[in-house]
Amino acid sequence: CARETVDLHDCLELVTGLARHAGKIIKSRINQKKTIETKANAIDFVTETDQEVEKLLIEGIKQKYPNHKFIGEESFAAGEKEVLTSSPTWVIDPVDGTTNFVHSYPNVCISIGLSIDCDIKLGIIFNPILDMFFRAIKGEGAFLNDEPIKVSGVKKLSDALVAVEYGSLRTEEFRNIVDHNIKYLALNAHGIRAAGSAAWNLAQVARGAIDLYVEMGIHAWDMAAGDIIVREAGGTVLDPAGKTFHLMHRRILATSSTEIANEVFPNFKHYYPDHD
Ligand code: IPD
Ligand code: CA
Ligand code: CA
Ligand code: CA
């Protein structure tokens with residue numbers, strides 16, 4: 001494991017400045033016409049802004065920490081597998097909610113987590129359109145715009161507001177699994193919401209507005225920052241099968257309590273994406 005000493009407060013200050021700068025770029029472009037390309041399929045979008053913001057964030061961090069590693073969504077070529085090592089590694093989603101951005105829908109977040117010794121130590125999620133800045137350092141609690149936040153503590157699905165997503169995978173197997181899980185949640189909760197950003201969903205669990213969020217098929221950059229922000233707000237983060245969460249396994253269940261997690265996970269159908 002890496003033994004480089006990293007001051008997490010210095011790291012937070014650096015990424016806060018970079019994310020606020022990047023946020024201005026995103027906000028200035030959200031209502032404009034975008035240059036859009038597709039990646040894995042016809043609804044998997046990337047815009048110039050996703051690429052530009054990722055570059056800005058990585059270059060800004062590299063200037064201060066030239067030896068750190070990066071796992072950034074737009075730096076990965078199709079089919080390449082991201083690998084987490086014990087070195088300090090910044091896990092970056094420059095625009096989480098690209099489909100929202102393309103449609104000028106205001107749930108768009110910058111999501112940045114810092115992993116050291118294969119453990120997320122720091123995370124920020126910034127929605128520049130709504131000016132909501134979430135942050136957490138391990139052991140120091142979670143904050144929204146400098147105010148401490150806590151999960152709701154809801155313990156039963158029948159009392160819960162639930163976040164779900166359909167993702168961008170369109171195979172029949174995947175759709176059947178997601179259909180089953182969404183139907184089960186929708187029929188047993190107060191309601192379901194699909195906001196189009198994994199980071200946003202996790203931030204809402206952390207601040208107690210959503211009580212449960214589950215998604216299978218997402219990536220480390222969708223989850224890294226939200227994982228620590230939810231935990232530091234007192235929430236539970238697990239693999240959707242009820243096991244220990246693993247950042248590289250592309251699956252997450254984040255809840256307001258262990259009770260609600262234990263109630264729901266035996267009822268899910270499962271999708272296990274490829275991972276290292
Ligand atoms: C996507 C969003 C979406 C989730 C997808 C992600 P992107 O990220 O978080 O909510 O359902 O699985 O890929 O591509 O907008 O950064
Ligand atoms: Ca994407
Ligand atoms: Ca994402
Ligand atoms: Ca993205």
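## A walk around ligand 1 and its calcium neighbours

Start by selecting Asp 93 and ligand 1: a polar side-chain atom of Asp 93 sits 3.1 Å from an oxygen atom of the ligand. Keep in mind as you go that this is a predicted model.

Next, add Thr 98 and Gly 196. Thr 98 puts a polar backbone atom 2.8 Å from a ligand 1 oxygen, and at Gly 196 a backbone N or O atom lies 3.2 Å from an oxygen of ligand 1. How much of ligand 1 does the protein cover? Of the 380 Å² of accessible area that ligand 1 has on its own, 85% is covered.

Now show the whole shell around ligand 1. You should get 14 residues, with Asp 96, Gly 97, Thr 98, Ala 198 and Glu 215 the closest. Colour them by class and you'll see six charged, five polar and three nonpolar residues. Strand S4 gives the largest share, three residues. Colour by domain instead: domain 1 (8-149) and domain 2 (157-267) each supply at least three residues of this shell.

Then hop over to the calcium ion (ligand 3). Which residues coordinate this calcium ion? Pick Asp 93, Asp 96 and Asp 222, whose OD atoms do so at 2.0 to 2.2 Å. Along the chain, the donors are spaced D-x2-D-x125-D. Asp 96 belongs to strand S4 (residues 89-96) and Asp 222 to helix H6 (residues 220-232), so this pair ties together parts 126 residues apart in sequence. Asp 96 and Asp 222 are both buried.

Last stop: select the calcium ion (ligand 2), 5.1 Å from the calcium ion (ligand 3).

Terms used. Residues are numbered from 1 along each chain as its sequence is written. Chains are lettered from A and ligands numbered from 1 in the order in which they are written. This is a predicted model: local features need pLDDT of at least 70, side-chain atom pairs count only at pLDDT 80 or more; totals for chains, interfaces and linings use all residues. Side-chain values use heavy atoms; hydrogens and water are left out. Donors are N, O and S atoms within 2.8 Å of the metal (3.2 Å for Na, K and Ca); water is not among the atoms, so sites may look incomplete. Helices (H or I, at least four residues) and strands (E, at least two) are DSSP runs, numbered from the N terminus. Buried means under 20% relative accessible area, exposed over 50%, partly exposed in between (1.4 Å probe, protein chains only). A residue is near a molecule or strand if one of its heavy atoms lies within 4 Å of it. A polar contact is a pair of N or O atoms within 3.5 Å; within protein, one must be able to donate a hydrogen and the other to accept it, and residues adjacent in sequence count only if both atoms are side-chain atoms. Accessible areas come from the Shrake-Rupley method with a 1.4 Å probe; for residues, only the protein chains shown count as cover. Ala, Val, Leu, Ile, Met, Phe, Trp, Tyr, Cys and Pro count as nonpolar, Asp, Glu, Lys and Arg as charged, and the others, Gly among them, as polar. Domain bounds come from an automatic or database domain assignment.
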